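Dear colleague,

Please find the structure below, followed by a short account of what was found in it.

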Amino acid sequence: MAASIGEKKKVVVVGGGVAGSYISKLLEDHADVSLIDEKEYFEITWAGLRTMVEPAVAERALINHRDFLHKTNIIASTAVDIDGNQVVTAQGHSVPYDYLVIATGHTNSGGYTKTEKIKHYQTEYEKIKSANSILVVGGGPTGVELAAEIIVDFPDKKVTLVHRGARLLEFIGKKAGKKALDWLVSKKVEVLLGQSVNLNSASGGVYSTSNGETIYADCHFLCTGTPLGSSWLKKTILKNCLNEQGRLMVDPNMRVKGHDNIFAIGDITDIPELKQAYSAKSHALVTVANLKILMKGKEVKNLSTYSPAKPLALVSLGRREGIMQVMCFTLSGRIPGKIKSGDLFIGKTRTDIGLQP
């Protein structure tokens, strides 16, 4: 639906994670923005593991959309279809657009409202606090960071981490994985590699691994990743734009391939890079620049291009230490900890969207 002369263009953003929230904030002074999100708040997700051991963190890490998006039309619903130049919500409402931005990242769990999410984290905290022994399943960044958060704040608890891979942190280099393993073992975390756990067969706090080992734990946390938020697209006009992994294929201008007025940003894209928050923000910046060009009717040749981010990973190890990998360089200890582990970029993220740290 084209806007009349002098009327602001309609931009619909689907997904209110870091990419969707950030681009909505950047655009709301320049376009008629509608944000469609299944929840009422933006979550600084990488702070969630800290929130599980310190629930008070949620007050800063969970931010109602209306607290920072003052000109955006916020639609608390799930998008279910793209019909012509409009997005259809689960309630059957049609939201027209001149430009569409897909930023649905990964699926959400734990609460539709901020209050519900806070209760979810409080429940997780109580589970950890009351347990003497805890099983963490998954040795990627989430599993490693959660095990570290627990053992730092509750050093007397027995923590076991089981990972089906041959090493921890397989998404980055071997040195980083070895440093994470050494750190966890030094804190008396039991790490079992090359094994999986059948959680469905667990009974009475007794778990069995694929190698026949028995683990006793009062509770467990599954940290093996969450599905991409792209399943809804499989029945839309973008169904042929998904790759085998369910990610949207985009061109260097961040537009979905084959669609001049549809963009995709964040984890849902097929850009070959580590899926990190700083990359999602870079996607948003390039997309905003291009939308401004298109909304002004300028030539497509002026569009900005996005180059995949260079490998950079920061993994927290509790409140003061961490592991950092920049390309082929790996560093562990207090320096990476000072960069991330203290405030977890919560203050910076809040400042980026116009709030007090």
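**Charged surface, core and salt bridges**

R334 belongs to helix α8 (residues 334–341); helices are DSSP runs of H or I with at least four residues, and strands are E runs of at least two, numbered from the N terminus. This is a predicted model, in which local features need pLDDT of at least 70 and side-chain atom pairs pLDDT 80 or more, while totals for chains, interfaces and linings use all residues. Residues are numbered from 1 along each chain as its sequence is written, and side-chain values use heavy atoms, without hydrogens and water.

Together with K187, R320 and K338, R334 forms a positive surface patch (residues with over 30% relative accessible area and no salt bridge, like charges being joined within 9 Å).

The largest nonpolar core (buried nonpolar residues joined through side-chain atoms within 4.5 Å) has 63 residues, and V11 and L100 are among those with the most contacts inside it. Helix α7 gives the largest share, 8 residues.

There are 19 salt bridges in the structure (a side-chain nitrogen of Lys or Arg within 4 Å of a carboxyl oxygen of Asp or Glu). One of them pairs K114 with E59 at 3.7 Å, N to O. K114 lies in α4 and E59 in α3, so this pair ties together parts 55 residues apart in sequence. K114 is buried at 15% relative accessibility (buried is under 20%, exposed over 50%, partly exposed in between, with a 1.4 Å probe and protein chains only). In the salt bridge between D260 and R255 (3.9 Å, N to O), D260 is exposed at 57%, whereas R255 is buried at 8%.

With kind regards

Conventions. Patch = residues over 30% accessible without salt bridge, like charges linked within 9 Å, V, L, I, M, F, W, Y side chains within 5 Å. Areas by Shrake-Rupley, 256 points an atom, 1.4 Å probe, with all protein chains shown as cover. Lys, Arg positive; Asp, Glu negative; His and termini not counted. Charge placed at Lys NZ, Arg CZ, Asp CG, Glu CD.
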